[in-house]
Amino acid sequence: MTMPERPELSLTPDDVWNGDGKGDQRIAELLTAIHVLPASHTAAEAQELYGKIDNVAVIQGSLYPAGPRVLPVLLAGLGSATPAGRPLLLDAIHEIASGSPSHRLSIHEREHIQMNLIQSVDAVRAVLIEMLFHGSDHEAHTAADLLALIFTAPQLFVMPALIDPQEFQDLLTALTSQPARQRHLARNVGLIVPG
């Protein structure tokens with residue numbers, strides 16, 4: 001599968017959290033973190049880098065303008081991420097993809113941003129499915145959250161289905177041998193798996 005290209009980014013202090021006037025420093029740290037997180041050698045290194053993304057591009061679910069701009073870089077790193085970096089890379093992707101744009105924007109602008117984020121994540125659906133089946137429990141959990149976000153998007157926004165319902169049902173059926181992962185994915189879309 002071809003991963004999205006890593007675009008060059010130019011950010012301003014208004015694009016990140018800048019409540020203390022350290023926006024330029026945060027931009028430098030964010031740009032380093034989005035490129036280095038996928039190659040993390042240790043969980044501690046990955047956690048430190050994740051904090052430079054999560055508390056700058058998105059804070060407690062509130063998406064800053066940098067979030068949608070860094071998402072393609074994070075997605076591009078997913079296919080080559082190290083075992084140490086991958087869980088928190090997935091977390092960063094999920095935090096941004098499920099984030100809420102500023103309420104200063106119109107409803108139309110917010111929905112447009114959210115739909116674009118979800119469509120961007122859908123471009124790596126095959127990698128997410130692979131992680132759902134073969135990743136660590138943490139990776140599978142976050143991959144299920146992202147797949148559910150993709151599947152339920154047409155219920156939230158006026159957009160075509162990105163995952164066919166039968167394809168999603170086939171995915172749930174294929175997870176029969178991994179019931180915890182199957183239940184988590186089903187629960188995320190409002191389904192109950194018997195048993």
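Helices in this account are DSSP runs of at least four residues, numbered from the N terminus. The structure described is a predicted model, and Arg-125 belongs to helix H6, which comprises residues 125-134. With a relative accessible area of 15%, Arg-125 falls in the buried class, because that class takes in residues under 20%. Its side chain is engaged in a polar contact with the side chain of Glu-167, at 2.9 Å.

Glu-167 falls within the span of helix H8 (residues 165-174), in which Phe-168, Leu-171 and Leu-172 are buried. Viewed down the axis of H8, these buried residues lie within an arc of 100°, so they line one face of the helix. Such an arrangement can be related to helical geometry: an α-helix has 3.6 residues a turn, so residues three or four places apart point the same way. The elements covering the buried residues of H8 include H6, helix H7 (137-156) and helix H9 (179-188). At the start of H8, the backbone nitrogen of Gln-166 is approached by a side-chain oxygen of Asp-164 to within 2.8 Å.

A further helix pairing involves helix H3 (residues 66-78) and helix H5 (residues 107-122), whose axes come within 10 Å and cross at roughly 5°. H3 is therefore roughly parallel to H5, since angles under 35 degrees are classed in this way. On the H3 side, the contact is made by Pro-68, Leu-71 and Leu-75, which meet Ile-113, Leu-117, Ser-120 and Val-121 of H5. Six of the residues in this contact of H3 with H5 are nonpolar, one is polar and none is charged.

Helix H3 also contains Gly-67, which is buried, its relative accessible area being 0%. When neighbours within four places in sequence are left aside, Gly-67 is in contact with Ala-57 and Ile-96. Between Gly-67 and Gly-77, the separation is 10 residues in sequence and 15 Å in space, taken from C-alpha to C-alpha.

Outside the helices, Ser-40 occupies the loop that links helix H1 (23-36) to helix H2 (43-54). Ser-40 has a relative accessible area of 1% and is accordingly buried. The side chain of Ser-40 reaches the backbone oxygen of Leu-37 at a distance of 2.8 Å. Excluding residues up to four places away in sequence, Ser-40 touches Glu-45, Ala-46 and Leu-49, together with Thr-82, Ala-84 and Gly-85.

Key: Residues are numbered from 1 along each chain as its sequence is written. This is a predicted model: local features need pLDDT of at least 70, side-chain atom pairs count only at pLDDT 80 or more; totals for chains, interfaces and linings use all residues. Side-chain values use heavy atoms; hydrogens and water are left out. Helices (H or I, at least four residues) and strands (E, at least two) are DSSP runs, numbered from the N terminus. Buried means under 20% relative accessible area, exposed over 50%, partly exposed in between (1.4 Å probe, protein chains only). A polar contact is a pair of N or O atoms within 3.5 Å; within protein, one must be able to donate a hydrogen and the other to accept it, and residues adjacent in sequence count only if both atoms are side-chain atoms. Contact means heavy atoms within 4.5 Å. The arc is that of the directions from the helix axis to the C-beta atoms. Axes are lines fitted to C-alpha atoms, for helices over the stretch in contact, and angles run from 0 to 180 degrees between N-to-C directions. Angles under 35 degrees count as roughly parallel, over 145 as roughly antiparallel, 65 to 115 as roughly perpendicular and the rest as oblique. Ala, Val, Leu, Ile, Met, Phe, Trp, Tyr, Cys and Pro count as nonpolar, Asp, Glu, Lys and Arg as charged, and the others, Gly among them, as polar.
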